[in-house]
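Below are some comments on the model, set out as numbered points for a colleague who works with coordinates. They are meant to be read beside the structure.

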Amino acid sequence: MLLLYNTLCLWGLTVRINFKLIISGVLFTLSSNAFAQFNIFTCEPEYAALAKELAPDARIYSATTAMQDPHQVQARPSLIAKMRQADLVVCAGAELEVGWLPMLQMKAANAKVRNTDLGLFFAADHVETLDKMSNVDRSMGDVHSQGNPHLHFSPPRILAIAKALTEKLIQLDSDNSRDYQQQLERFSSRWTLASAKWQETASKLSGMKVIAYHSSFRYLFDFSGIEQVADLEPKPGLPPTSGHLAGLLKQANNSDITAIVIASYQDKRGANWLAEKSNLPVIVLPLSVGGNEQSNDLFSLYDNVLSLLSQEYSAKKL
Amino acid sequence: MNNFHFFPNRLSAKVSAALAITALVPMLSQAQNSMPTLSNPNVSVILDGYYQSEDRLMTERAEGFGLGETELALSANIDDMFYGKFTSVFESHDGESEVHLEEAFIQTMALPNGFTVRGGRFLSDIGYLNNQHSHTDSFTSRPSAYRAFLGGHYFDDGLRVSYIAPTDTYWLMGAEVFSGDSLRAADEHGERDFDSTGVYTAFTKIGGDIGVESSWQLGFSYLRNENGQLTAEDHDEDEHEEEEHAEDEHDHAHSASYTGKNTYAADFVFKWAPNGNYKYQHLTLSAEYFRVSDFMLPELHDEHEEEHEHEEEHHDEGHAKDYHEAWYVSGVYQFSPNWSAGLRYGELDSQLQHEEHFDQQELKETELSLAWHNSHFSTVRLEFSHQSNVGFEQAENDNVITLQYVMSLGAHGAHQF
């Protein structure tokens, strides 16, 4: 037994002695692997789509799909294995992933993506979030003091995030900085052009009133002037209760609400019950890229979401 | 003793608990007003209370009202290299209160090439459930395998080195060294010369996804316990009685009831959610198998063999094995965000030292639990468990009903798979 113990000790000692050697070895491998594929891990599919626009040659993996609640994700083995290999981790931030990202980071033991000085990028760090709260209490439900983290339906914010993400890519992979710069320019001009078009469509939606599920589309409603008059959730993060739905039905009957809006991952039962009783249509919007057949990238996601809302609103006005 | 036991001195436990809480109140309020950041530790409290209709074998929960693992945890990144966590646990049952330190460890966060080193007091990474905090369990008690062989869950003072391979399939390897105090074999005379570094473990886990909806993990562990073998028992009946009383107290002391030199374990977990979306419905299936062998010192083993042969000649019963084993299978389904139900079945097959020979014991348990979750942070659970046993002191069939709440306040750490 003593022998085994000694071996362990010796081994520990060797690790310490060779520590510098290992580090220089890693640095060497990194520089010699400049042509190896850059690995990007994203928490949500919208950031995988954005990364694809900005770094089309990278190997990109999204931890969640548009059919999954990004608040509740299992720190499962496959995600740990993917994060272990990541050069860059891109997440929404503002505490959206607080229930699983720290566990992944701890288990993945990847020093490169430990903090935002290195290969960790939080989109919310680079834009102004809505609904910041100074005093948060659990009795208020699942709210985030750092503001609403579902940022991706705001065209100007996406542009600001794209710029910051490009800077991060250049910081980590400076050999390809010219390519990243070019991709950003290409993306910016396309995005600006598309934004003008979306702005025009959105302006026609101004004044539309909806009942929605959670604050998933807070930025979309802000951008288009849609008013979310009620929430299917009694409190953020808590599922609809029958009492709460009954209250919503009263509200639905007494005002000019156009539709009930839910996201692709959200349970349809509460919305369907309310729709049946109140004769309101239910619009299932893709939460993100991949949330329905039409939403294949950020551009088609915006196109699709705005057209789904416009259809209902013009039908209502007729 | 490894744990800081203050029982049976109830007063001192209460005083120290009160002191600890008073000291942490400013920290708690600070944590609420500003975000937990690198310099601001996460503070979390788990409240666990229960009512249990009967005593159960080897559990930490006793008949009547009591407090389960009520824990207070502090954790933070210490700097860019180290993470630290402190967890103290308060428990109260049978009119006894105890406070012990379950975790006090540091862990590296920035070693290259997927290596992690953890030192201090922490939960061993063997098996599936052992490294999980009991407040995340879907049943009120750990399976009999854990209660019998690991004292509920095995935490100890030691060192761990682990490595995660840079592969798309998750592959973790690790080794640990512990003092092993809580896994020592019974020492009736207190004269035994135990190794101060008694436990060595090695484990590996692999895992991955099957499509978008399913995930799995498979693990193998080995634990070598230098102090796990039993010495020959004294023949004096009176002393024997005393020893049994000592063992009873062990039940609440987080020490293993059965130890051996070599422990082998295998575990498997499978999780499923529609579309991989865990918000509404999800299913968790898990199974573990433990085998503890070489529980006798060689000279005792020979005697045992002789006895065994002797017995076989004269009777057909008393066929004791030379290893302990236990296993369980469990399924838990969350059918809505507010409700989940679980079913677990487990068996323990152990050998109890009785003078010069070993008597075979068998424990079978079936548990059905139903839990209501008002939110992600509050759970009220009702559990029915049925146990039937052979060879234990309370040899009878038992139905036990437990009503339990588990709630968390403060920062809520992320759950493991």
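How many residues does the contact take from chain B, and how many from chain A?

1. The contact takes 41 residues from chain B, together with 37 residues from chain A; as a caution for what follows, please keep in mind that this is a predicted model. On the side of chain B that touches chain A, at least two residues each are supplied by strand S5 (115–123), strand S7 (170–178), strand S8 (199–210) and strand S9 (214–225) of chain B. Among these strands, S8(B) gives the most to that side, with four residues. Sorted by class, the side of chain B that touches chain A has 18 nonpolar and 17 polar residues, along with six charged residues.

2. A separate point concerns the strands of chain B that come later in its numbering. Strand S11 (residues 282–293) and strand S12 (residues 323–336) of chain B run antiparallel and are joined by twelve bridges; within this pairing, B:His282 has B:Gln334 in S12(B) as its bridge partner.

3. S12(B) is also joined to strand S13 (residues 339–354) of chain B, again in an antiparallel arrangement, by eleven bridges. In this second pairing B:Arg344 of S13(B) stands opposite B:Ser330, and the two strands S12(B) and S13(B) form a hairpin that has two residues between them.

4. Turning to chain A, the assignment divides this chain into domain 1 (37–130 + 143–196) and domain 2 (206–317), and the C-alpha centres of these two domains of chain A lie 26 Å apart. The contact between them takes 23 residues from domain 1 of chain A and 22 residues from domain 2 of chain A.

5. Which elements give two or more residues to the side of domain 1 of chain A that touches domain 2 of chain A? They are helix H3 (45–54) and helix H6 (155–172) of chain A, and the largest share of that side, four residues, comes from H3(A). By class, the residues of this side of domain 1 of chain A divide into twelve nonpolar, seven polar and four charged.

6. Is helix H4 (residues 77–84) of chain A mostly covered or uncovered? This helix is mostly covered, with eight of its eight residues buried. The buried residues of H4(A) include A:Lys82 and A:Arg84 as well as A:Pro77, A:Leu79, A:Ile80 and A:Met83; A:Ser78 and A:Ala81 also belong to the buried residues of H4(A).

Definitions and conventions:
Residues numbered from 1 in each chain as written. Chains lettered and ligands numbered in written order. Predicted model: local features only at pLDDT ≥ 70, side-chain atom pairs only at ≥ 80, totals over all residues. Pairing = 2+ DSSP bridges. Contact = placed C-beta atoms within 7 Å. Nonpolar A, V, L, I, M, F, W, Y, C, P; charged D, E, K, R; others polar. Buried ≥ 20, exposed ≤ 12 C-beta atoms within 10 Å, placed from the backbone. Domains from an automatic or database assignment.
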